[in-house]
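User: Please take a close look at one side chain in this model. Then work outward from there to the other salt bridges, the helices and the strands.

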Amino acid sequence: MSTDVERLIIERTLCVPIPDGPAGDGSAVARQFDAALMSVGFKLSPELFAGLCALSAGAVLDLAVRVLDTVRRLVGDHVQHNVYFRDFPRNVPDTMEFWTECLLEALADPEAAARVHGETALLGTLNLLSLPRYGRYLHSYDEMLAAHAEFVHGAGDRVTVLARGGDPVVAARELYLRMAGATTPGNDDDRAALRVLAARCASDEVQPQDIPVRENRALINAVRLAAGAPVLANTVTDVLRLACALSDGDVTLAQPTRFRPFGRATRRGLLAALDGVIAANRDALADVNRYREQWKRLGERLHPHEFPQWPHAGEVFAVARGDERVRSTASRVEELLGAGEPDAAAALLQRSAPGMLYRSADRLLRATATATGQQAIANRLADSASRVSGRVLLSLREHLADRSAGGRRVFVNRHARGHIADDTRPPIADEVVATLTAALDGHLRERLTGPRWVVDPAILDVALPISGKSVASGFGTLPRGSRSRVDGELLRFFVHWRQARQRTDFDLSALLLDSDFRNPAQLSFTNLGTLGGRHSGDITSAPEGASEFIDLTLPLIPSSVVVPQVNIYDGEGFEQVAESFFGYMIRDASEEGAPYEPRTVRMKSELRGQGRVALPLVFVRDADGWEAVWLHLYLTGDPGFNQVENNRATTTDLVRSILARRYLTVGYLAELVDARIGEPDTVGEPVTYIGLERPEKLPEGSVVVTPANLGGLIPG
């Protein structure tokens, strides 16, 4: 098994498959391995420890090196996290005093003074980057470590148990089948992982019975086509996505793909798949209109006229060129709505496109003038539920729970860009919402089959990943809208980035608000300290990587809402830098230690969105203390010089609206199936256990669901 596949298994299951190796006594090395894992907040399960002890010392050592590298990367410990102020969080100076000190030091040097005078005259303001001491590490990483007392292990430190995995080949196949059969679309990292697994497993005899997510189907089809296996396609868009996958393009079709020249065998495979789709359902030609330009470019690569044995494939490109006209279902629906016939539009969708019926539900209900008419459309929706995926049912159910006239609407696109707008939609009759909600609950309850659920109370407020795009890759991340407790005295969040081609300056900041989202304060490079908080200092370039931290002593913070954000002040974007991630730690003040201690990391998420301001999560105080609410959002921001002061109003409005939204959670599903809330029994009938972590023991045959595979709760 390749190292890449092994790394994916460990990252995505927190299980370590034990490879074949010579038998022996590896117990001494296994104990050393366990101790090394503890230093980064991980531990071997008893079963995994026993399995390692049965291998030779050399085999255990080889595995330990690979696993340690994987888990260190998982929590961000693969880089050295230095800070500008060596003693942080102690001895952080007042901002103006610090700037004055930097300026006086520069003026004492004639060459530096000339540069300062020149740039100040040019810009009209003092350029901090012209000060020799500003924004650059003035000490080495080792010198910074020497200035800090040794970390004292605390009872509240995180310990993540690594379970024993099965045979490596079987473990890879199980992960492949799970990801291929996912009912919700994932993010870019999920698709990259599936590519790796498909290359290893797509030719195996055991294959997923169904691949619900179209993007995943395209990636697997690319491997199947190369192996000479039949392509799985039931729409023309499936074939277009496959062509994008073969060209290393965007299988989501959000961005145009530059199609590469295809070999004759690949062209035959693509055209044969197209011909089969149209032969089975001529109405599928209507889908060509949506991506007409991409079809035109693909036709230039496939040369369909050279393959007269597949005439239906030629029709696809005739429609794209406009030589043949086919009306789409969407255009017919628009015509009916324009004529004031919403029920007829709903009837058309019910017959031919029930998924579109559900996605258009709010519009159809609003277009109906009477409560009786709305009830008729609600009945059509209920009658069509069996033909719609569980993800679509949950999407409408969540929409109805959050539906109200007035207030603010939150929009998040596929790139995690968030914005809000006034809600000017007219209301839907309460009795219609109640009828439709009850029908959806009933259909979802019927689909939630399997062993009885046992649910850890700590996961009840975790939002359902109705779209995997709402979850950033990383460690300990949860879907947008999820809530989790924050217990501890000291909250420390951080950002790390490494530029790729040009000088890049990320700025970690925090917006602090009261319970009414007023009286803003901030922590940033322009305000290094406020009551209960400290900033580690501004780093303005990261050729070898750079880190910034913000420390909050929670009992001293007067604010009720803390919004961490990462602003791109200058340089490359989140998707252009070589590396960037955000996370937070929880520790007690008495633990001391370096600014970054991996054992205290609770969450680390990749920053890869399209925007110049990142809002990973927000911390909110309630009657019981503090909790984290996951956002995974990006703001467009300005091309340069983004600062917390400049986006305060937009950020406040967006965060307030997100916190007011009602997301469907694990608790909603648990209530539907009358789940048992609490600890599982270790013997008895198999159960479906849902929790933040895998328990040590469960009855034989039980199913475990954690945040790593939470999408498995979404019914098909």
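What is the relative accessible area of glutamate 335, and is the residue buried, exposed or partly exposed?

Analyst: Keep in mind that this is a predicted model. Glutamate 335 has a relative accessible area of 48%. That value makes glutamate 335 partly exposed, because the buried class ends at 20% and the exposed class starts over 50%.

Glutamate 335 has a charged partner. Its side chain meets that of arginine 327 in a salt bridge, with 2.8 Å from N to O. Arginine 327 has a relative accessibility of 46%, so it too counts as partly exposed. Side chains of opposite charge can pair when their charged atoms come close.

How many salt bridges does the whole structure hold? The search finds 43. Two others are worth a look.

Take arginine 214 and aspartate 238. The closest N and O atoms of this salt bridge are 2.7 Å apart. Arginine 214 belongs to helix α10 (residues 214–226), while aspartate 238 sits in helix α11 (residues 236–246), so the pair ties together parts that lie 24 residues apart in sequence. The two ends differ in cover. Arginine 214 is partly exposed at 29% relative accessibility. Aspartate 238 is buried at 3%.

Now take arginine 366 and aspartate 362. Their side chains form a salt bridge at 2.4 Å, N to O. This one stays within a single helix: both residues lie in α18 (residues 361–366), four residues apart, or about one turn. Arginine 366 is partly exposed, with a relative accessible area of 33%. Aspartate 362 is buried, with 9%. The pair belongs to one network, in which salt bridges with shared partners join Asp362, Arg366, Arg403, Asp423 and Arg425.

Next, the cysteines. The whole structure contains zero disulfides. Cysteine 15 shows why for its own sulfur: the closest cysteine sulfur, in cysteine 201, is 16 Å away, too far for a bond. Cysteine 15 counts as buried, at 11% relative accessibility. Cysteine 244 is also buried, with a relative accessible area of 0%.

Two helices show how burial is arranged around an axis. Helix α4 (residues 57–74) has 18 residues. From first C-alpha to last, α4 reaches 25 Å, close to the 26 Å expected at 1.5 Å a residue. Its buried residues are Ala59, Val60, Leu63, Ala64, Val67, Leu68, Thr70, Val71 and Leu74. Viewed down the axis of α4, they fall within an arc of 165°, so they line one face of the helix. After α4 comes glycine 76, with a positive phi near 80°.

Helix α5 covers residues 95–107. Its 13 residues should span 18 Å at 1.5 Å a residue, and the end C-alpha atoms are indeed 18 Å apart. Thr95, Phe98, Trp99, Cys102 and Ala106 are buried in α5. They cover an arc of only 95° around the axis, which puts them on the same side of α5. The face turned away from that buried side carries exposed Glu97 and Leu104. At the N-terminal end, aspartate 94 caps α5, with a side-chain oxygen 3.1 Å from the backbone nitrogen of methionine 96.

Finally, the strands. Strands of a sheet pair through backbone hydrogen bonds, either parallel or antiparallel. Both senses appear here.

The parallel case is an open sheet of four strands in the order β20-β6-β21-β22. The edges are β20 (676–677) and β22 (703–705), and each pairs on one side only. Strand β21 (residues 688–690) meets β22 over three bridges, in the parallel sense. In that pairing, threonine 688 has valine 703 of β22 as its bridge partner.

The antiparallel case centers on strand β18 (residues 613–622), which is mostly covered, with eight of its 10 residues buried. Strand β15 (residues 561–570) runs antiparallel to β18 and is joined to it by four bridges. There, asparagine 567 stands opposite valine 613 in β18. Strand β19 (residues 625–635) is also antiparallel to β18, through nine bridges. Leucine 617 stands opposite tryptophan 630 in β19. A hairpin of two residues links β18 to β19.

Note on methods
Residues numbered from 1 in each chain as written. Predicted model: local features only at pLDDT ≥ 70, side-chain atom pairs only at ≥ 80, totals over all residues. Heavy atoms only, no water. Pairing = 2+ DSSP bridges. Expected span 1.5 Å × (residues − 1). Buried < 20%, exposed > 50% of the residue type's maximum accessible area, 1.4 Å probe, protein only. Arc of directions from axis to C-beta. Polar contact = N/O pair within 3.5 Å; in protein donor to acceptor, adjacent residues only side chain to side chain. Disulfide = S-S within 2.5 Å. Salt bridge = Lys/Arg side-chain N within 4 Å of Asp/Glu carboxyl O.
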